[in-house]
Amino acid sequence: MSDERLDRELGEILRAAADVELPARLADRVASIPSRRSQSAASRGAIGGARTRLPIGSMALVGVVILALVWGVPRLAPGFAPFGAATACGAGPTPRPPVTVKSGPTPTTLPATPSPTGPVGPTPTQAPGYFEPAGSMTTSRAGATATLLLDGRVLIVGGSSGAGYPTASAELYDPETCSFSATGSMPAPRANYTATPLTDGRVLIAGGFDGFTNSLATDLLYDPTTGAFRATGSMTSPRSNPSATLLGDGRVLIAGGEGVSPNHEVDLASAEIYDPKTGRFTPTGSMGTARVGAATAPLPGGKILFVGGVSTACTAAGCDDRPASAAEVYDPATGTFSPTGSLLAGWASSATALKDGRVLVLGAIRNLPIPVLPIMRPQAELYDPKTGKFTMTGGHQTPVGMNATLLPDGRVLVLGSFDAANGGDTVSAAVLYDPTTGTFAPTGSMAVARSGPTVTLLRDGRVLVAGGAGPRGGDVPGPPLDSAELFVP
Amino acid sequence: MARPIQGAEARERARAIAFTRLTADRLASCYRLATVILGDPIEAEDATHDAAVRAWERWGSLRDPDRFDAWFGRILVNECRDRLRRRRTRPPAAELTERYHAGRRLGDGTQAIAERQALAQAIAELEPDHRIAIVLHYYLELSAEQIAERTGARVGTVKSRLHYGLKALRAAQDASARTEGGRR
């Protein structure tokens, strides 16, 4: 056989062997891989040297769903608000059925964790406050950032858009006209970045990831006067999901997050400082614990509390994401982090500085009445900077809150709860924390159930709640929403 | 100062969507390649699935979306190579040969059919690395350099595999021709 004929015969044989139809079941099996693997990754770690990170939001959700199976949280859903997009701005409270507040049942299968400081008692009465429609954003967004500008408008940037991909677009909400309008876009989509208002009115967009796999070191500045984003200096390390905090001197502390090594992600303990005057980043002291997605809160005297987040522990068997319970305090004067007390809870989702200097930390604790079951339940703690210790608060009314906002009167609005009794879906309920009593009380409900919206305190004391993900479909996050609402205390 | 923890979930969701979209677009061609390498559509289905699982687990190592084809192709080829090595005692030559004749019956004589059958058999009996090199070159029409990138081998090694693979195929072909000629 000649070489030419051999080449031809080889090609024909191999092409004939390739004459197969793609089995539909194979397509289905492959399409379900992300959801199947994410569910198992938390306990197994990664395979083959790389690792799959269980999303922090999923960690929270898993805990909440398990919580529901054991406790149920009807107290978190005081009545059902009618679904439907908001249609007007400032139209008064959204009509809804009379609120029925159910008392949270004392668990019978799980003992209540004693509360050394927070009162535990009957369900508080309904707190004043209601939601009213605030129109619709120009783009549906979940996981976006919202930043109050000096002129009172709100800059809303990025997030996942309708298709689920990060978007580069941004828009402005004007409380005076009750309307959203597009503004300049980022040069490219990014997610899991931070947006920090600078003292000169600009907004620093730091880190994040490019929507595919890459953590970013590049940073942007949004200028409200021009409505444009422009590049500024780059961080010393790429960071996705870092923590960014405005310091008292106008600089910005950026710490932790996911970095990159040649073949896999790596949690960062390092931190750096952005100086708006020079547009440059310079390294500062490192945290004692590498953290991704830590919550921060300013403390009296200019120090910053770092709490929670996820830290990855790796062994020969793989890597597991674990909540970082040890808290740290950053001192801008010395540029160093120092250990302080540890969370009583397993993980924290938010840290809110109260007017009296303490910090309200919302999270969950892993309760182990049955050692083999990872049962988690919501927990609220107060950090006292004077003692450096965490103590429980909130009692049985503690919500599973993902967003906490300090109101002008000193109370804290908590949104983003999950209806664990309904398959872990989002709910429209909101609660208010009163530091003077140490209790949570239900308040008005949103018209639309949403998870992970942007929550921004406006200058007039109202709170803008925009976007977020709608009700979940099983393990699939709900679609990004474009509707917005205003909470009127 | 709380940050939107929902972003972590958004990130995971974006990854899942990117993975699903990229694999869905290439799944049929990848499945065909696995079928050609393995000569067994059933095993190719498992190999493609397992390669996709590995790809998801290593998703963070894909730094450039434009490199997905080569990146995933390498994972798939490695998966197929592992399977070929594990089943060294079970070459499904009959499957490959059968598929060839089912797809193209030209009726061009007993000797030609016998020679093709022998060639298909010889492909199935090649060393795994030689077989993969032959398939990538004659089915996907990749160059030695492209095969080297796809398999992680050096270009010289790929050329060597192609040389010895072709040599084995030619030997099998010549043996078949002699046998058929002798029968006449």
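Let's start with strands β7 and β8 of chain A: β7, residues 203-206, pairs with β8 in the antiparallel sense over four bridges. This is a predicted model, so please hear everything I say in that light. If you want one residue pair to find on screen, take Ile205(A), whose bridge partner in β8(A) is Leu220(A).

Now stay on β8 for a moment, because there is another strand to bring in: β8(A) is joined to β9, residues 228-232 of chain A, by five bridges, and the two run antiparallel. Here the pair to look for is Tyr222(A), which stands opposite Phe229(A) in β9(A). Between β8(A) and β9(A) there are four residues, and the two strands form a hairpin. In the turn you will find Gly227(A), with a positive phi of about 70°. And how many of the five residues of β8(A) are buried? Four of them are, so to speak, under cover, and the strand, residues 219-223, is mostly covered.

Next, please move along chain A to an open sheet. Four strands make it up, in the order β10-β11-β14-β15, with antiparallel pairing. Which strands stand at the edges? Those are β10, residues 243-246, and β15, residues 280-284; each has a single partner strand, so one side of each has no neighbour in the sheet. On average, neighbouring strands of this sheet are turned by 25° against each other, ignoring direction. Coming to the β15 edge, β14, residues 271-275, pairs with β15(A) over five bridges, again in the antiparallel sense. One of the residues to click on is Ala271(A), which has Thr284(A) in β15(A) as its bridge partner.

Let's turn to the aromatic rings. Over all chains, the structure holds 10 aromatic pairs. A pair of rings like this is described by the distance of the centres and the angle of the planes. My example from chain A is Tyr433(A) with Phe440(A): they are 4.8 Å centre to centre with 50° between the planes, a tilted pair. Tyr433(A) and Phe440(A) are both buried. For chain B, have a look at Phe68(B) and Phe72(B). Their ring centres are 5.5 Å apart and their planes are at 10°, so this pair counts as stacked. These two residues sit four apart in helix α3, residues 68-86 of chain B, and are therefore separated by about one helical turn. Phe68(B) and Phe72(B) are buried as well. Back in chain A, there is also a cluster, in which ring pairs link Phe306(A), Tyr330(A) and Phe337(A).

Since we have already visited chain B, let me finish there. Its secondary structure comes to eight helices and zero strands, and along the sequence the pattern reads α-α-α-α-α-α-α-α. Of its 184 residues, 55% count as buried. Looking at contacts in chain B with a separation of 6 or more, 68% are between residues 24 or more positions apart. The accessible surface of this chain is about 7,900 Å², and carbon and sulfur atoms account for 47% of that.

One last residue, then: where is Asp40(B) placed? You will find Asp40(B) in the loop between α1 (6-38) and α2 (41-57) of chain B. And is Asp40(B) buried or exposed? Its relative accessible area is 16%, and because the cut-off for buried is under 20%, Asp40(B) counts as buried. Its side chain reaches the backbone nitrogen of Ile42(B) at 3.0 Å.

Terms used: Residues are numbered from 1 along each chain as its sequence is written. Chains are lettered from A and ligands numbered from 1 in the order in which they are written. This is a predicted model: local features need pLDDT of at least 70, side-chain atom pairs count only at pLDDT 80 or more; totals for chains, interfaces and linings use all residues. Side-chain values use heavy atoms; hydrogens and water are left out. Buried means under 20% relative accessible area, exposed over 50%, partly exposed in between (1.4 Å probe, protein chains only). Contact means heavy atoms within 4.5 Å. Accessible areas come from the Shrake-Rupley method with a 1.4 Å probe; for residues, only the protein chains shown count as cover. A polar contact is a pair of N or O atoms within 3.5 Å; within protein, one must be able to donate a hydrogen and the other to accept it, and residues adjacent in sequence count only if both atoms are side-chain atoms. Two strands pair if DSSP finds at least two bridges between them. Axes are lines fitted to C-alpha atoms, for helices over the stretch in contact, and angles run from 0 to 180 degrees between N-to-C directions. Rings of Phe, Tyr and Trp (its six-membered ring) pair if their centres lie within 6.5 Å; planes under 30 degrees apart count as stacked, over 60 as edge-to-face and the rest as tilted.
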